[in-house]
Amino acid sequence: MTTAVHPTTSQEVTYLEAISQALDEEMTRDERVFLIGEDIGAYGGAFKITEGFLDKYGDHRVIDTPLAESGIVGAAIGAAMMGLRPVVEMQFADFISCAFDQITEVAAKNHYRWNAPVPMVIRAPFGGGIHGGPFHSECPEGWFFHSPGLKLVAPSTPYDAKGLLKAAIRDPNPVIYFEHKFLYRRIKAALPAKDYIVPIGKAEVKRAGSTISVVTYGAMVHIALDAAARLAQDDIDLEVIDLRTLIPLDTETIYESIRKTSKAIILHEDTKTGGIGAEIAALLAEECFDCLDGPVLRVAAPDTPVPFSTPLEEFFLPKIGDVEEAARKLAAY
Amino acid sequence: MDPSVIVSDVTRTDYLHLYYYLRLTRALETRITALYRQGRIVGGCYTSHGMEAVSIGYALPLESRDVIAPYHRDMGAFLIRGITPGEVVAQYLGKRTGPTKGKDGNVHIGDLKRGVIGFVSHLADNLPVATGAALAFQIRGEPRVVVTNTGDGGTSRGDFHEAMNFAAVRKLPVVFFCNNNQYAYSTPLRRQMAVQNVADRAKAYGMPAEILDGNDVAAIYVAARRAIEKARAGGGPTFLECKTMRMHGHSEHDPAKYVPQALLDEWKIKDPILKAEAMLKALGYADEADFQDIEARAKKEIEAGVEWAEQSPLPEGPETLEGVFATEDEVAL
């Protein structure tokens, strides 16, 4: 489904509003869906995504919890097993570490071990660029990328934010939905008036190009597109692939692009070592070796915690210039 | 327990039922231990030897639509929920006919159809999950109850505290049991907690608690029934500490030399089967001949189960790859 074939609402909505709409529509569509998390009721959530939901749906479907991330996720797992569709709000993705055990040991392994599905979504507001410092800026997706049994999605546009969240809520598995805080109020789009989903497991070519493929996701999609616009002036034609789903990875779309361009940059905001970029680079070495005309490069954050002070955070986050530099290096091959 | 209370609260039929499950559990775990010593069972071998009364007492009052979230010394509860001795042995032998089809071992048994949430090795992880199942019942207004159990050791984990607190705050229909068998693997109670009783911990959450003789199956049954019906009626959670003694090692590989012999001698004469027999005789509910009949019946059932399990097929290697994700048809409306 694409935006074009459906009539759109007249008003543009932000990435944040798109998330809200998805929750609202799914709660209306399916009474099994309920929300659980910290300060999501009367306060409407730290980012106000669930503002008004308590009044509309009541405190049996919008559940404010004690400050206890492991307990929250465990409770969501139990409710999911009993046939409900919980959507957990992690106040910040960083706090997901407190629930790591429930996610990786209980939720991820449940169906494999004893055939009991856990249809649950954990919304994880992630990423930097908001002066959040080491505990409000993390990109923890790499930890879960290595845990079989979880699905991971990370939308970069309002359209995908809404469609992927709906798909995640309807999925019979535990899905971690990484929503990028930097994008919340910075990007807008008109969305289809009709119900739609963005299928989990499908990447999208955001910009077709012929020189180098940039494989990325989340807020970095916009960095890649900006870099592509600049490089186009120098006849370096980037193809930008937005993964949208990290697990299950749409390898076919990645390979198809590399077969065309023969060169790859993997761009992510998460730190470099042992990250998703490393896995994609390994896949390209295994599956696309014959068509590569240069080294697979990674543009990622350095291996440090996310620093607070503005010049430090600016240094930390991958930038347009970093992608440009990598692209020029690779174009020379 | 006071015989006059038993006469009014536990019928002869119920008491004989409890006794039968004590015998069945003892016979099954004795047989499993023998298989382990013969090298026919590999991996861990966790029994409830000497503590059988706890899970039998909590499981018998439950209704068929209720749910248990057990821990690793709850064999009696599995049997009461309808997991057959054959399935248990098949699980231990890694057979395809076991509840996890060889994906998981020993007491990691789960089956939603029989209201059994699978146990994970990370102790107390099942407690938040139990609160979530109870939350689902509360959201849907169903008169269903969850009973969960953990050892004394598990009560030191954060998940115990997060679950207790959440259950108390939301008045969830869940009953928390604690099998206080005095040792967390090799660590005695005095090195685990500074409080006198595990039940003291419940006070911190505003949750009513009782301390029970963990070897008195009738006392546990009566207290469990009361707590379960209170939870079912919307009265919220209860914490029940059953004081007992782990008569074997943590797992059967463990000779448990760290436990003083005098302590084991003291508890040997308080064995739950001996205790039940003395009471059944005193009440005129049964005599030696009945005990022998019941024991013979239990052993016969176990042998039939062992035979079935041994004849069952092992899984094939490539089945490893099956079941990481649930499919849509498994969670139909």
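1. A residue is called buried if 20 or more other C-beta atoms lie within 10 Å of its own, exposed if 12 or fewer do, and partly exposed in between, with C-beta atoms placed from the backbone. Helices (H or I, at least four residues) and strands (E, at least two) are DSSP runs numbered from the N terminus.

2. This is a predicted model, in which local features need pLDDT of at least 70, side-chain atom pairs count only at pLDDT 80 or more, and totals for chains, interfaces and linings use all residues. Residues are numbered from 1 along each chain as its sequence is written, while chains are lettered from A and ligands numbered from 1 in the order in which they are written.

3. Strand β10 of chain A, residues 212-216, has five of its five residues buried. A:Ile212, A:Val214 and A:Thr216 lie on one side, A:Ser213 and A:Val215 on the other, and both faces are covered.

4. Which strands pair with β10(A)? Strands count as paired if DSSP finds at least two bridges between them. β11(A), residues 238-242, runs parallel to β10(A) and is joined to it by five bridges; here A:Ser213 stands opposite A:Glu239. Between these two strands the chain passes through helix α7(A), residues 220-232, in a right-handed β-α-β crossover (with the strands pointing away from the viewer, the path from the first strand over the helix to the second runs clockwise). Three bridges, also in the parallel sense, link β10(A) to β13(A), residues 264-271, and A:Val214 stands opposite A:Ile265.

5. A:Ile265 also appears among the residues with the most contacts inside the largest nonpolar core, which has 208 residues. Such a core is a set of buried Ala, Val, Leu, Ile, Met, Phe, Trp, Tyr and Cys residues joined through C-beta atoms within 7 Å. Helix α9 of chain B (217-232) gives the largest share, eleven residues. Domain 1 (12-192) and domain 2 (204-331) of chain A both contribute, so the core lies between them; the domain bounds come from an automatic or database assignment.

6. The contact between the chains takes 33 residues from chain A and 37 residues from chain B (two residues are in contact if their C-beta atoms, placed from the backbone, lie within 7 Å). On the side of chain A, α3(A) supplies the largest share, nine residues. One residue of chain B that reaches across is B:Ala133, which touches A:Gly78, A:Ala79, A:Met81 and A:Met82, among others.

7. B:Ala202 sits in helix α8(B), residues 200-203. Is B:Ala202 buried or exposed? B:Ala202 is buried because 23 C-beta neighbours lie inside 10 Å.

Terms used. Lists of a residue's contacts leave out its neighbours within four places in sequence.
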